[in-house]
Amino acid sequence: MALPGGTSLHLALFLSFLITLPTAHLEDVDHSLYAHTENELRRNILINQLAIQELLRQVKEQKEVSTTCSHPERCCPDPFFPVNEECFFINKEKQNWPTANATCHELDGKLAEPDNVIVLLEVLRQKLNTRNNAWYWLGARKYSHAENWTWPSGRPIKHWHSGQPDQRPAEFCLMITLGKITPVYDYFCDHEYESICEYMDEGI
Ligand SMILES: *[C@@H]1O[C@H](CO)[C@@H](O)[C@H](O)[C@H]1NC(C)=O
Ligand SMILES: *[C@@H]1O[C@H](CO)[C@@H](O)[C@H](O)[C@H]1NC(C)=O
């Protein structure tokens, strides 16, 4: 019984040895070193992505047990914190807008559409203990210059920084900075920033 299995295993090992053996040449050394580094980089990125997915999974599982409540009685599932009637979460992974949106959805949220940007901003400044120019994606996005800026609910967007939206080509995603009194900017959706998620509990 052991013999045929063992034989085919050895054959497979021998064949894979033959396939991988003769490719390295001296003149390839630099190139193969580079490829090695790039592979390691890809591998590290993958490991980090898996770690983030695992964290998100743990966060979702905790959601049923642990909540933070405000007055009057607004309870937010972890990791969200209450601001008046709303629940927010600071996603500290720097991601482009579509990825940040997907991360919020994985947490049963969406990119934030705060009732009041200025109130949220003040809470973020206190929580993060900074008024530096930190930038965060929020939940409004356009697809063309022909569209007017609104929140997904249709409300107009207020508190634009002076000169904003400046509508440079493809500045179609909305962000705020902690460093300005009027904090709202349009910016390039493919750039990577931290973001603010809001818990979605409409209809529950
Ligand atoms: C945000 O992500 C969700 C879930 O992946 C997706 O259904 C939705 O279309 C995205 N929103 C935008 C504006 O891209
Ligand atoms: C955008 O707003 C302007 C000014 O209020 C209005 O005239 C125009 O019809 C709006 N465009 C769209 C696509 O809603």
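A residue counts as near a molecule if its C-beta atom, placed from the backbone, lies within 6 Å of it. By that yardstick, the shell around ligand 1 in this predicted model is made up of Pro98, Asn101, Ala102, His105 and Arg141. Helix α3, spanning residues 97-106, puts in the largest share, with four residues. Sorted by class, the shell comes out as two nonpolar, two polar and one charged residues.

How far the model can be trusted depends on where one looks. The mean pLDDT of the protein is 80, and 75% of the residues score at least 70. Confidence peaks in strand β6 (residues 135-141), at a mean of 98, and bottoms out in helix α1 (residues 2-20), at 39. Over residues 1-26 the pLDDT stays under 50, and the model gives this stretch one contact beyond four places in sequence.

Back to α3. Its buried residues are Trp97, Ala100, Asn101 and Cys104. These sit on the same side of α3, because the arc they cover around the axis is only 105°. Among the elements covering them are β4, β5 (109-111), β6, β7 and β9. Asn101 thus turns up twice, as a buried residue of α3 and as part of the surroundings of ligand 1. After the helix comes aspartate 108, with a positive phi near 60°.

Then there is the interior. In soluble globular proteins, nonpolar side chains tend to be buried together. Here, the largest nonpolar core runs to 32 residues, and Phe88, Trp137, Leu138, Cys173, Met175 and Cys197 have the most contacts inside it. At least two core residues come from each of β4 (86-95), α3, α4 (117-128), β6, β7 (173-177), β8 (184-187) and β9 (193-199).

Two of these well-connected residues are worth a look. Phenylalanine 88 belongs to strand β4. It qualifies as buried because 21 other C-beta atoms lie within 10 Å, the cut-off being 20 or more. Setting aside neighbours within four places in sequence, phenylalanine 88 contacts Phe80, Phe81, Val83, Ala112, Leu120, Ile196, Cys197 and Glu198. One of these partners, leucine 120, is 32 residues away in sequence, with a C-alpha to C-alpha separation of 8.8 Å. Leucine 138, with residues up to four places away in sequence again left out, touches Leu111, Ala112, Leu174, Met175, Ile176 and Ile196. Ala112 and Ile196 therefore appear in the contact lists of both phenylalanine 88 and leucine 138, where contact means C-beta atoms within 7 Å.

Conventions
Residues are numbered from 1 along each chain as its sequence is written. Chains are lettered from A and ligands numbered from 1 in the order in which they are written. Ala, Val, Leu, Ile, Met, Phe, Trp, Tyr, Cys and Pro count as nonpolar, Asp, Glu, Lys and Arg as charged, and the others, Gly among them, as polar. pLDDT is the predictor's confidence in each residue, from 0 to 100. Two residues are in contact if their C-beta atoms, placed from the backbone, lie within 7 Å. A nonpolar core is a set of buried Ala, Val, Leu, Ile, Met, Phe, Trp, Tyr and Cys residues joined through C-beta atoms within 7 Å. A residue is buried if 20 or more other C-beta atoms lie within 10 Å of its own, exposed if 12 or fewer, and partly exposed in between; C-beta atoms are placed from the backbone. The arc is that of the directions from the helix axis to the C-beta atoms.
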